[in-house]
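Trainee: I'd like to take a close look at one small part of this model. Could you walk me through it and then show me how it fits into the rest?

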Amino acid sequence: EASLAEAASAHKATADARQQELTALQSTARKLEEQLEQKQAALHSAQDQAAAQDQALHQARADLAAQRAVQTQLEARLQELAAAESRGREAEARAQALQQDLAAAQRRVTVLTESETQLRSKQEEQQQQ
């Protein structure tokens with residue numbers, strides 16, 4: 001009877017030890033599940049942030065492409081304006097040359113008119129003589 005009680009006591013001690021191990025393992029399993037859930041939440045958050053950053057990067061690239069297109073248009077317009085300015089300077093130079101030619105022609109007309117007047121005067125004098 002004593003050995004039966006000892007065996008029962010040993011069996012109960014073993015059962016209690018196994019129950020404690022089981023409880024410890026269940027506690028560890030719950031902690032690991034919580035850690036897994038936290039890590040999964042952190043992973044989802046990181047994935048969301050990465051997706052947002054990726055979208056921001058795509059938007060930045062689209063903005064950059066649009067800005068480059070605008071810059072190209074502005075550079076082309078600047079070249080057009082520079083060419084127009086050059087043509088304007090050339091036209092101004094031609095206009096000045098034409099004004100100088102006109103002034104020279106007016107001076108020649110004045111000289112010829114004076115010469116004609118002098119010749120008429122001489123002719124009149126000769127005719128009167």
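Trainee: What relative accessibility does Glu 116 have, and what does Glu 116 count as?

Mentor: Happy to! Glu 116 has a relative accessibility of 38%, so Glu 116 counts as partly exposed. That label sits between buried, under 20% relative accessible area, and exposed, over 50% (1.4 Å probe, protein chains only). Before we go on, keep in mind that this is a predicted model, in which local features need pLDDT of at least 70, side-chain atom pairs count only at pLDDT 80 or more, and totals for chains, interfaces and linings use all residues. Residues are numbered from 1 along each chain as its sequence is written, and side-chain values use heavy atoms, with hydrogens and water left out.

Now look at the partner of Glu 116. Its side chain meets that of Arg 120 in a salt bridge, at 2.6 Å from N to O. A salt bridge here is a side-chain nitrogen of Lys or Arg within 4 Å of a carboxyl oxygen of Asp or Glu. In general, side chains of opposite charge can pair when their charged atoms come close. Because Glu 116 and Arg 120 are four residues apart in helix 1, about one helical turn separates them. Arg 120 is partly exposed too, with a relative accessible area of 47%.

Thr 117 belongs to helix 1 as well. With a relative accessible area of 46%, Thr 117 is partly exposed. You can use Thr 117 to see how far the chain reaches: Ala 69 is 48 residues from Thr 117 in sequence, and their C-alpha atoms are 70 Å apart in space.

Let's step back to the whole chain. The secondary structure comes to one helix and zero strands, where a helix is a DSSP run of H or I with at least four residues and a strand a run of E with at least two, numbered from the N terminus. Helix 1 takes in residues 2-128. Along the principal axes, the C-alpha atoms fill a box of roughly 185 × 10 × 10 Å. Of the 129 residues of the chain, 1% count as buried.

The salt bridge of Glu 116 has company, since the structure holds four salt bridges. One of them joins the side chains of Arg 77 and Glu 80, with 3.2 Å between N and O. Arg 77 and Glu 80 are three residues apart in helix 1, which means about one helical turn lies between them. Both ends are partly exposed: Arg 77 has a relative accessible area of 44%, and Glu 80 has a relative accessibility of 45%.

Another salt bridge links the side chains of Asp 16 and Lys 12, at 3.4 Å from N to O. Asp 16 and Lys 12 are four residues apart in helix 1, so they too are separated by about one helical turn. At 37% relative accessibility, Asp 16 counts as partly exposed.

For one more stop, find Gln 99, which also lies in helix 1. Gln 99 counts as exposed, because its relative accessibility is 56%. From Gln 99 you can count 10 residues along the chain to Arg 89, and the C-alpha atoms of those two residues are separated by 15 Å.

So, to return to your question: Glu 116 is a partly exposed residue, and its side chain shares a salt bridge with the side chain of Arg 120, about one helical turn away in helix 1.
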